Amino acid sequence: MSTPSASSASSVTVLGLGAMGAALAGAFLASGHPTTVWNRTPARAEPLLSLGAVRADDVAGAVEASELVVVCLLDYASVREVLDPVAGRLKGRTLVNLTNGTPEQARETAAWAAGHGIAYLDGGIMAVPPGIGTEQAFVLYSGPRDAFDAHRPVLERLGAAHFAGAEPGLAALLDIALLSGMYGMFAGVFHALALVDTAGVPAEEFAPLLGTWIGAMAAGIPHYARQIGSGEYADGVVSNVAMQSAAFGNLLRAAEDQGLSPELIAPLQPLMARRVAEGHGHEDVAGIVELLRR
């Protein structure tokens with residue numbers, strides 16, 4: 001990340017010092033921003049104090065220390081529990097909530113903030129704690145564009161800052177969508193590694209081959225996205241869903257023959273079979289999205 005100029009080193013407060021909150025505070029400190037921190041367990045702040053952080057005795061003191069307040073707690077219920085008593089002190093400040101949650105929770109919190117005169121940005125962190133402040137990290141934000149623009153130079157210290165839109169729930173929605181893709185991928189990866197292990201093939205040796213294959217298949221994401229956007233699932237089909245549905249049973253049978261549960265990948269089979277039964281066998285597998293929309 002770039003080194004801040006003296007004029008950009010505005011102060012920031014971080015509420016919540018779990019693994020992610022501590023990483024956020026550390027990134028601000030490393031970039032030269034005066035950083036006030038608070039956590040229910042004060043001892044969590046100790047490592048940051050040696051880096052120059054100021055520990056607030058209470059939430060009120062923490063929010064009053066900075067115009068920009070970043071909160072990263074366990075869940076949205078925790079956020080409200082911590083912030084409700086100091087809502088009046090947050091008036092006129094910008095609150096950036098980087099707690100993981102749902103779009104509806106983001107909208108509810110945005111309405112609460114608006115009722116108290118607080119500029120509110122909801123965010124989704126797309127990084128693990130060690131990645132915060134590196135070029136690999138990016139963070140999604142939604143809410144008032146002027147609040148995002150005003151604080152973007154500071155927020156960029158955490159990772160590339162992406163504005164998702166003014167609707168408060170958009171960052172959370174994109175966050176959940178990205179995580180859904182990740183977990184879906186991991187489900188297949190874990191199944192594949194466990195499957196080869198049943199035959200005595202070391203998972204570590206198989207992993208590079210698996211990574212190469214997944215990377216090649218990921219190149220098809222833009223194609224599937226175009227199909228889903230247009231609803232034209234017969235365009236550019238290379239391997240239709242009828243063929244894939246017929247072959248998918250082999251994945252399940254092979255796992256069972258090897259003494260491995262297929263439950264990580266099994267849910268895809270009935271969706272493909274239904275799509276074929278409804279007359280869409282000539283189309284691409286992306287068409288199963290239409291079944292989800294029902």
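**An open sheet and its helices**

The model contains an open sheet of 8 strands with mixed pairing, in the order β3-β2-β1-β4-β5-β6-β7-β8. Its edge strands, each pairing on one side only, are β3 (54-55) and β8 (160-165). Strands here are DSSP runs of E with at least two residues, helices are runs of H or I with at least four, and both are numbered from the N terminus; two strands pair if DSSP finds at least two bridges between them. This is a predicted model, in which local features need pLDDT of at least 70, side-chain atom pairs count only at pLDDT 80 or more, and totals for chains, interfaces and linings use all residues. Residues are numbered from 1 along each chain as its sequence is written, and side-chain values use heavy atoms, with hydrogens and water left out.

At the β3 edge, β2 (residues 35-38) runs parallel to β3 and is joined to it by 2 bridges. Val 37 has Arg 55 in β3 as its bridge partner. Helix α4 (residues 76-83) packs on the sheet and touches β1 (12-15), β2, β4 (68-71), β5 (94-97) and β6 (119-126), where contact means heavy atoms within 4.5 Å.

Within α4, the buried residues (under 20% relative accessible area, 1.4 Å probe, protein chains only) are Tyr 76, Ser 78, Val 79, Val 82 and Leu 83. They line one face of the helix because, seen down its axis, they fall within an arc of 155 degrees, taken from the directions from the helix axis to the C-beta atoms. Ala 77 and Glu 81, on the face turned away from the buried side, are exposed, that is, over 50%.

At the other edge, β7 and β8 pair in the parallel sense over 5 bridges. Leu 140 has His 162 in β8 as its bridge partner.

How values were computed
Axes fitted to C-alpha atoms, helices over the stretch in contact; angles between N-to-C directions.
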